[in-house]
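Here is a short report on how two protein chains meet, and on charged pairs inside them. Keep the structure in view as you read.

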Amino acid sequence: MAEEPESGLQLPPSTVADGDGPTEVSPGTVTPEPPSSAAVSPGTEEPAGDSKKKIDILLKAVGDTPIMKTKKWAVERTRTIQGLIDFIKKFLKLVASEQLFIYVNQSFAPSPDQEVGTLYECFGSDGKLVLHYCKSQAWG
Amino acid sequence: MTDDKDVLRDVWFGRIPTCFTLYQDEITEREAEPYYLLLPRVSYLTLVTDKVKKHFQKVMRQEDISEMWFEYEGTPLKWHYPIGLLFDLLASSSALPWNITVHFKSFPEKDLLHCPSKDAVEAHFMSCVKEADALKHKSQVINEMQKKDHKQLWMGLQNDRFDQFWAINRKLMEYPAEENGFRYIPFKIYQTTTERPFIQKLFRPLTADGQLHTLGDLLKEVCPSAIAPEGDMISNVKTFLFATKMLILHSKQHFLDGEKKNQVMIHGIEPMLETPLQWLSEHLSYPDNFLHISVVPQPTD
């Protein structure tokens, strides 16, 4: 996946180690990003008094879905659930045809066009939004 | 004296007369006549337009048909938004019928979600219901229900069965005796004049000292541009009109001087800003248990 510096996902360096089993991403060259302190991308200005543009997301795997080595991400508020799904699928090296479901509060699957910032406002706690992801429909 | 329950029926049975016309660039074997349909305000486009698809597919070749999608004056219509919301937001100031253009080609991937089957509509609907209950009851009520109750909500909507739907939905409208309302009110506020898809925030139905928050309180807090500045409003001494009288537009009565910039609309009506939010949530929510509120510019008559 090409690096998108202004995407807000704080992607690790694009060289993710290849050749490992499908259920584990090698920690090799993957650099976990420090959470909220890295919320401001270089070169962007945070307007005075504005709430920070990025929010912290904690990703948790459900069932036998592969676990992401980096679980905590700083994500731009306007990133959609679909954008997050695409990123996780690429990070976990799932094929495009495999489905991935994301759940809030372990109870509902938000619409793919839902912005994570709104979900954080309504369902975040302790300064982060916890999202569960699963290859099958965990909570209907 | 009409009952609050009549409001529930009026909301459920609201209809929009619609004219579906095939997009001119679609390839047809013969002339495609427009198709007229009364659309339920509380339902979803892909749930109620099978007849539209059948009608136009009769004059088209199989190879020219892929997923049907709809557009109004150049704006693709999101099937996952309730029909009444789409109309209020985009077409409420235009003359009826609502003129929708039907497409079978060039699906706008950036604007619309795909709808592969009715199951997708069900999944989306149930997810919205669950999200609303997460806000109202920390998901306790929806989680206590059995799978068959969830199914009944969906079947009630799909089959336009008011009693079947409300037999279950009434439980989602209850709250503990010691409280005076839900934990938070499920709402989304839509405007065409901004970039954001909608506004949704945590908002309680009651103030710290137990007063009922009103629609005006909500707008002032989360969407102040929606309402005219203070001093232009009379608060109606007769206060809250809880019966179907409320369904009559009272917009002109709200104001002494000055122009109201915007209409704040739910189900095609403008509720008085003094209306308690808790009451609106219980009576004017869509079947997904959300208040979908449109803020549109005042039409110039």
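## Where the chains meet

About 1,300 Å² is buried between chain B and chain A, and carbon and sulfur atoms give 56% of that area. Buried area is the accessible area (1.4 Å probe) that two parts lose on being put together, summed over both. Helix 5 (residues 118-137) of chain B gives the most to the side of chain B that touches chain A: six residues. The residues on that side of chain B divide into six nonpolar, five polar and five charged. Here Ala, Val, Leu, Ile, Met, Phe, Trp, Tyr, Cys and Pro count as nonpolar, Asp, Glu, Lys and Arg as charged, and the others, Gly among them, as polar.

In contact terms (heavy atoms within 4.5 Å), 16 residues of chain B touch 16 residues of chain A. The rule finds zero salt bridges across this interface.

This is a predicted model: local features need pLDDT of at least 70, side-chain atom pairs count only at pLDDT 80 or more, and totals for chains, interfaces and linings use all residues. Residues are numbered from 1 along each chain as its sequence is written, chains are lettered from A in the order in which they are written, and side-chain values use heavy atoms, with hydrogens and water left out.

## Charged pairs

How many salt bridges does a search of the whole structure find? The search finds eleven over all chains. A salt bridge is a side-chain nitrogen of Lys or Arg within 4 Å of a carboxyl oxygen of Asp or Glu. Three of them are listed here.

| Salt bridge | N to O distance |
|---|---|
| A:Arg77 and A:Glu121 | 3.1 Å |
| A:Lys135 and A:Glu98 | 3.2 Å |
| B:Lys118 and B:Asp50 | 3.1 Å |

B:Lys118 lies in helix 5 of chain B and B:Asp50 in helix 3 (residues 50-57), so this pair ties together parts 68 residues apart in sequence. Helices are DSSP runs (H or I, at least four residues), as are strands (E, at least two), numbered from the N terminus. B:Lys118 is partly exposed, with a relative accessible area of 27%. B:Asp50 is also partly exposed, at 31%. Buried means under 20% relative accessible area, exposed over 50%, and partly exposed in between (1.4 Å probe, protein chains only).

In chain A, is A:Arg77 buried or exposed? A:Arg77 is buried, at 19%. Its partner A:Glu121 is partly exposed, at 32%.
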